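Here is a short set of exercises to work through with the model open in your viewer. Try each task yourself before reading its solution.

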Amino acid sequence: MDAIDRKIVALLQEDASLSLAQIAHRVGLSQSPCWKRIQRLEKAGVILRRVALVNPESIGMGLTVFVSIETGDHSTAWLARFAQTVTAMPEVMEFYRMAGDIDYMLRVVVPHMQAYDAFYKRLIDTMPLKNVTSRFAMERIKSTTAYPLPAETKAPRKR
């Protein structure tokens with residue numbers, strides 16, 4: 001990615017509803033080469049998709065829970081089954097396999113505590129888990145989907 005690609009990605013991360021003309025103007029290109037760059041970034045998997053970000057409280061999803069999971073089984077088959085089950089749960093917004101003292105971390109969003117209790121019961125019924133710890137967010141202080149883009153780096157010179 002060159003500097004122009006980085007500008008395009010930064011603009012789209014900030015506001016994917018910008019028109020092609022607006023993006024092209026802001027990065028100093030005409031529309032056709034700008035569109036080709038966007039298509040190339042999409043094909044390369046840099047831009048995965050363009051979505052609308054929704055305020056969870058405005059749609060009644062006001063409770064965010066971070067769920068730490070420890071398991072006694074670390075087999076590939078167990079992970080495949082667990083991943084398939086958890087990714088199918090619509091309340092799970094993010095799902096990570098971790099290094100350290102926990103095995104998996106989930107970010108779960110639900111309307112209220114009763115909905116979380118129902119989710120929790122479904123989760124622990126899916127398969128054997130060693131430990132499940134829930135941490136409830138009291139306030140969202142920062143939330144972003146925009147990744148910081150490092151400055152363009154030059155390849156080291158060969159000697």
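What covers the buried residues of α3? Among the elements that do so are α1 (3-14) and α2 (20-27). Keep in mind throughout that this is a predicted model.

**Exercise 1. Describe helix α3 and sort its residues by side.**

Step 1: Start with the length. Helix α3 spans residues 31-43, 13 residues in total, and its first and last C-alpha atoms are 18 Å apart, close to the 18 Å expected at 1.5 Å a residue.

Step 2: Pick out the buried positions. These are C34, R37, I38 and L41. They lie on the same side of α3 because the arc they cover around the axis is only 100°.

Step 3: Turn to the opposite face. The exposed residues K36 and K43 sit on the face of α3 that points away from its buried side.

Step 4: Look just past the helix. G45 follows α3 and has a positive phi, near 85°.

**Exercise 2. Find the salt bridges that involve R37 and R40, and state the burial of each partner.**

Step 1: Take R37. Its side chain meets that of D2 in a salt bridge, with an N to O distance of 2.9 Å. Since R37 belongs to helix α3 and D2 to the segment before α1, the pair ties together parts that are 35 residues apart in sequence.

Step 2: Check accessibility against the cut-off: buried means under 20% relative accessible area. R37, at 17%, therefore counts as buried, whereas D2, at 27%, is partly exposed.

Step 3: Take R40. This residue forms a salt bridge with D5, and the closest N and O atoms are 3.1 Å apart. The pair links distant parts of the chain, with R40 in helix α3 and D5 in helix α1, 35 residues apart.

Step 4: Repeat the accessibility check. D5 is buried, at 2%, while R40 is partly exposed, at 42%.

Step 5: Put the pairs together. D2, D5, R37 and R40 are linked in a network of salt bridges.

**Exercise 3. Examine a salt bridge within one helix.**

Step 1: Locate the pair. D117 and K121 both lie in helix α5 (residues 113-126), 4 residues apart, about one turn of the helix.

Step 2: Read the distance. The closest N and O atoms of this salt bridge between D117 and K121 are 3.1 Å apart.

Step 3: Compare with the cut-offs. D117 has 33% relative accessibility and counts as partly exposed; K121, at 47%, also counts as partly exposed.

Notes:
Residues numbered from 1 in each chain as written. Predicted model: local features only at pLDDT ≥ 70, side-chain atom pairs only at ≥ 80, totals over all residues. Heavy atoms only, no water. Helix = DSSP H or I, 4+ residues; strand = E, 2+ residues; numbered from the N terminus. Expected span 1.5 Å × (residues − 1). Buried < 20%, exposed > 50% of the residue type's maximum accessible area, 1.4 Å probe, protein only. Arc of directions from axis to C-beta. Contact = heavy atoms within 4.5 Å. Salt bridge = Lys/Arg side-chain N within 4 Å of Asp/Glu carboxyl O.
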